[in-house]
Amino acid sequence: MYGRMFKFFVTTLTLLAANLLTTYISDILVSHKYDIKPLRFTLISMGVIILVFYPLFMKLEDLLNLISKKFIKAGHSIAGKYVGLVIMFLVGLVILMYFYAKMWYNIDILKLLFQGRFFKSF
């Protein structure tokens, strides 16, 4: 049971982190689309995507998987096997939620927490 939960939590955090990073890079590319003629930009962007994302995906999965495993295993020493796993997974989700909310909506979750408006935002 623990092994399946561990694998699911690590995979979830890895997928969300990889998507966050690749979306951020894509947004940077797209922000320059009006500086260059459309077809030229399309070709340049396709080339950049291949040059950046291909090696990134090859290394990113292993790196993020390793980081996620170490992060979740840290919870084991803090709160025990199962409780630590769940706590660290939730902490990881909150961290990723912070960056997603910042990227998509320019919302600072920490600011909302300190102002007491976090739960009102749902």
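**Charge patch.** I looked for clustered charge on the surface of this predicted model. K102, K111, R117 and K120 gather there in a patch of positive charge. I then took one of these residues, K111, and asked which element holds it; K111 lies in helix α4. Is K111 exposed, partly exposed or buried? Its relative accessibility is 49%, and exposed begins over 50%, so I entered K111 as partly exposed.

**The loop before α4.** Next I went to the loop between α3 (81–105) and α4 (109–115), where N106 sits. I checked the backbone of N106 and found phi near 55°. That is a positive value, and the residue is not a glycine. For the side of cover, I looked up the relative accessibility of N106, which is 61%. The cut-off for exposed is over 50%, so N106 counts as exposed.

**Fold content.** How many helices and strands does the protein have? I noted 4 helices and 0 strands. Read from the N terminus, the order of elements is α-α-α-α.

**Overall dimensions.** I looked up the radius of gyration and wrote down 18 Å for the protein, against a value near 14 Å for a compact globule of 122 residues. Along the principal axes, the C-alpha atoms fill a box of roughly 55 × 40 × 20 Å.

**Burial.** Last, I asked what share of the 122 residues is buried. The entry is 28%.

Technical notes. Residues numbered from 1 in each chain as written. Predicted model: local features only at pLDDT ≥ 70, side-chain atom pairs only at ≥ 80, totals over all residues. Heavy atoms only, no water. Helix = DSSP H or I, 4+ residues; strand = E, 2+ residues; numbered from the N terminus. Buried < 20%, exposed > 50% of the residue type's maximum accessible area, 1.4 Å probe, protein only. Patch = residues over 30% accessible without salt bridge, like charges linked within 9 Å, V, L, I, M, F, W, Y side chains within 5 Å. Areas by Shrake-Rupley, 256 points an atom, 1.4 Å probe, with all protein chains shown as cover. Salt bridge = Lys/Arg side-chain N within 4 Å of Asp/Glu carboxyl O. Lys, Arg positive; Asp, Glu negative; His and termini not counted. Charge placed at Lys NZ, Arg CZ, Asp CG, Glu CD. Rg over C-alpha atoms; globule rule 2.2 N^0.38 Å.
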